Structure formats: C-alpha cells, structure tokens
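Welcome, and thanks for taking a look at this one with me. Please have the chain open as you read, and take the points in order.

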Amino acid sequence: MSRYPYTRLFWQSEHSIVIAGPHIQVLDTNTGDVLHSTGKCEEDQIAPGPIRCAALSDCGKYLATSGDDKKLKTWQVDDLKLLSSRVLPKKPTYMNFANHKDILVADKFGDIFRYQLHPNSNESSSGCERDALSSHENPSGGELILGHASLLTTFLLTADGQYIVTADRDEHIRVSWYPQGYTIESYCLGHQKYVSALHIPSFSSRTLISGGGDSVLKIWDWMSGKLLRNIDVFSAVQPFIAVKAPKKKREWKNEDEDIEPIEGKRERRKNKGKRKEKRSGDDGDTEESQNSATPEGQLGEVSTEESEVVFVVHRISSILSPVPRIVFSVVGATAIFWFPMNDDSEACIQHEPFYKPIIDFTLEDDGSIWVLLDADRSSQGGWSSKGESDDSNLVEVRRWTLDNFTASDPLPLALALNSRTLPATQADLKVLDLYSDLLALPKHFEAVAEDRTHDLSEMGVDDVATADSGSNDGGISKRELGRLKHKQALRRLQEVGRGASLDFEPLPTDGKRVKSGGRRDTLALGMDGT
C-alpha cells in the first residue's frame, strides 16, 4: 500500500505538527502518540488536494494552511479545531505569521495580503472591494501589503518585525518597511535566475543569504543592498541531484496546420471558437503568473524523452555553533549541505547523504536536524509500495557534533512518524507533485531559441541571417520570421546580461529620498519594484 510522504514538520518541545498530503497530524513530541489528525475530521474540513503552504504561529498555538483549493484555513493546534476558512484571490506560494496575530500570504500574482488571525464579521461584506493598488479582487478582505510584477516565491520578516524581505521569479529581492510595504528600503540585485530561498541568521541580523537557480548562494548586507560574497555551491550539489526535470523541447507547428481551406471561400482557422470559449471559461488561474514561462506562439506537445538538471535551492537555515554554519537543501537532491559562515575566500561545502530525495528539513535549537524523505520514490521516478526498499524511513534525524551531523538513537517521535503513516493511492501521489518547482520556476526562452535554431539548421536555414534579413529562402512563413526576430533580440539581451558584473554596489544616492517620521531615509520607488 502506498503512503503519503511528509512535506512539512513543525517541531516543538511538547507538540509537533506534520503535514502529509491533505492531512495534518499533531503528535506528542516526547512519546510519539498521535493526539489529533484530520483523518478523523469531517470531509468538508479536509482539503480536496494536498496542502501546499503551511505556517505555525510563534506561540505554537495556531496553524495556517492552504492548497490548490485557494482557501486559507486556520487551526487551533491543541485540539486541531478549524477556526476559520477564507477564500484567497489567487493560489498561494508562501505564507507566514506576523506579530502573533496576522497571517501574510503571497500569491502567484506577486501580491502579499495580510489577514487577521481571527476574522471579524466585516471581512465578508467588504471582501469584494478591489484595492486601488492590488492586481485583483480579494474575496476575504485581505489588506494589501506590497506587490511585485512577478510571481512571489518567498518572503521573510526581520527579527524586529520592521522590515519584510521579498523575492520573486524575476531575480529581484526587495527590502520594504512593514507594514508600510510601499516604502522600499533597498534592493539586493545580482541574481541571474529566480530566487527561491531567503534566510537571515539569528547571529547576524544584518546578513541575508539568498539562493535559487544560480550556481551560487549570495550573502548580502540587506539594509544597504550591498553584495558581500558569492558562495559557489552547484559543483558540490550536482552529484547528489537525483530528480531531474523533463527537458522542454517544443516543436513549432507550421502556420498552415491550423488552417482549413474551404473551396470558394476565404480560409478560416479550425477550432478558433473552441479555444476562445475555453479561455473565457477558465477561472483565471492560468494567468496568475504575469510572466509566463511559455513564450507566445503556437507550440506543439512538450517532449519529455530527455531530462535535464534544474537547480532550485529549497530551504536555507543556520546553526549557531563555535563556528556558525549555513545549512541548505536543494529540490530533488539526496543530501543536506552546509558551509562555515566565516570570511574565508573559498567556503568548503560539506554534505550529509540520505540516499533518497529530500523534501524538507527542520532544525532544532540544539542543532538536531529532522529530514523528510521521499523514501518510496523508485529509481525510475515512480513510487514503490511501503517495505519494498530497505531504506523506507520517511523521517531521519541527525545530531550536530562539533563539525558534522551524526546519526543517533531513534527518537519516539521519529519512530512514530515512520510507523504510523497515512495511506495514499497512486493518483494521490501524482497530484502531490513534490518537484513542481523544477518546471514552474525556470524560464525556457533560451531553450526554445536553441531548439528552433537546431530545427532550422536541419532545414538548411541560417537562423541569424533569416531573422535579421527577413528573407524567406528557407520556406518559413512571415509569422515564423517575426518569432525569430523576437528570439534574436532576447538572445542579445541575455548575452549582455551574462556579461554584466554580479557585484553590485549600493544604489546611487542621487535617487529620490523621503524623510518619514524621523526614521531613516528610504528609497521612493515604484510599487512594482522593477
């Protein structure tokens, strides 16, 4: 029988909470006993799909969850009572608590809304009003904090709660005041690809570590936006990446394939009305990302025969030891990685292997690490039944000793999590889609251009010459020529971007500065942050 892997663990000294597919379990940390589970709740309280985002309040009493159903649910941890359920305007990408009483939710449209932990009676009546600065209506009366022009991937609040650091799919990191998100303190610019993980160590409150699709982790002084250091990690991580993404090779259709000739009449397009009807009947979620990874044009089916390594940093954390360490994980990798936080010119990346893809990890204050594994994943990429593998533990625990992680005697909580699993069908596991970031975050403009160049070379057509001169000797249509010109322009911009320096100095001081209530000067920039 297949089982759900654990996707999130909130460890506490008394009660710990785990997320597995659509289910939530509360366990006694010391004995491993299951105290509460949504498996025993009524059907309307259980999410129809897997839980994608979850956050635990600082006091440990409240849990917030959301998934593909776009409902923000708040739970009381003591008895796993559902306190409220509110409809979100768009699918969430990340959430967290703020000031013990508010819930911040980032969505695929690039906005962050703030919701009260305990909604008042006026929320439902005012929820349909659209904020003048937000990109869409909010059906539950959420307050807009800030917005990006691209999909928001993650965010965090500083320890003093005065600033919010946000990251998006378009390589931007922004530092804004909280809750006055329209006041921007600084930008941390230098990433060449999406940013998917942020961390501010407790032992260095002005330092920000960021990672995503670049081969390096970047260390910043986030207050000034100055890049302090690049840590090359990809070469150490690549041998451990076990889950690869299907290579998106798009086959361009001939312009004439969608045209149906009619004798004596003007040619008309096939299924044009059906496509228009389908778009009008969509719920809008297909347009949630304002910068789609798919370029405009008619694309054929995606071929998944080949795969490629896609680098996505999943989580960054830190250990306070005699020499502080930065710990991070990568989507689809089978090891946890760390390096010392010092001023050495070259950081030594070390690893602790687990031999199965790591879904997530949680660090305790004493340095113990709880690692959630996709233990039932087969080498072919599917799922095996429980017990077919010798290494079938869904949870592994390591303790930090001096300069390394070491195995220890199994703890009651770990034993319970590995033995009392929740059953799942193959269809449930497919919907879970643990590695969706490998396809959702990268942009494939460059891959599409390379594929098209290869196709034209086989036809005996020079891509550059054809696109620039507009000739039609190769037999391609004017529409194809237009696409080639567009891709050539994109390629030139990318080449210019690759030649630019990654070391950015603080933003120039000739920008407009605004004094506000005796607080430090801030940048008066646009709301979109671009």
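Here are my notes, point by point.

1. **Confidence.** Please keep in mind that this is a predicted model. The mean pLDDT of the chain is 79, with 68% of its residues at 70 or more. One stretch to treat with care is residues 386–390, where the pLDDT is below 50; this stretch has 8 contacts in the model beyond near neighbours in sequence. Another is residues 500–530, again with pLDDT below 50, and here the model places 60 contacts beyond near neighbours in sequence.

2. **Overall make-up.** If you colour the chain by secondary structure, you will find 9 helices and 36 strands. The chain has 530 residues, and 48% of them are buried. Taking the contacts with a separation of 6 or more, 55% link residues that lie 24 or more positions apart.

3. **Surface.** How much area does the chain expose? The figure is about 26,100 Å², and carbon and sulfur atoms supply 47% of it.

4. **A sheet to start with.** A good place to begin is an open sheet of 4 strands, in the order β1-β2-β3-β4, with antiparallel pairing. Which strands stand at its edges? They are β1 (8–10) and β4 (34–37); each has a single partner strand, so one side of each is left without a neighbour in the sheet. On average, neighbouring strands of this sheet are turned by 20° against each other, direction ignored. As background, strands of a sheet pair through backbone hydrogen bonds, either parallel or antiparallel.

5. **One pairing up close.** Zoom in on β3 (residues 23–28), which runs antiparallel to β4 and is joined to β4 by 3 bridges. To see a bridge residue by residue, look for L27, whose bridge partner in β4 is V34.

6. **A helix across the sheet.** Now bring helix α4 (residues 412–419) into view. Helix α4 lies across β2 (15–20) and β3. The angle between helix α4 and β3 is about 145°.

7. **Cysteines.** How many disulfides does a search of the whole structure find? The count is 0. Two cysteines are still worth a look for their surroundings. C53 has a relative accessible area of 6%, so this residue counts as buried, the cut-off being under 20%. C59, at 40% relative accessibility, is partly exposed, because that value falls between the 20% cut-off for buried and the 50% cut-off for exposed.

Terms used: Residues numbered from 1 in each chain as written. Predicted model: local features only at pLDDT ≥ 70, side-chain atom pairs only at ≥ 80, totals over all residues. Heavy atoms only, no water. Disulfide = S-S within 2.5 Å. Buried < 20%, exposed > 50% of the residue type's maximum accessible area, 1.4 Å probe, protein only. pLDDT = per-residue confidence, 0-100. Contact = heavy atoms within 4.5 Å. Helix = DSSP H or I, 4+ residues; strand = E, 2+ residues; numbered from the N terminus. Areas by Shrake-Rupley, 256 points an atom, 1.4 Å probe, with all protein chains shown as cover. Pairing = 2+ DSSP bridges. Axes fitted to C-alpha atoms, helices over the stretch in contact; angles between N-to-C directions.
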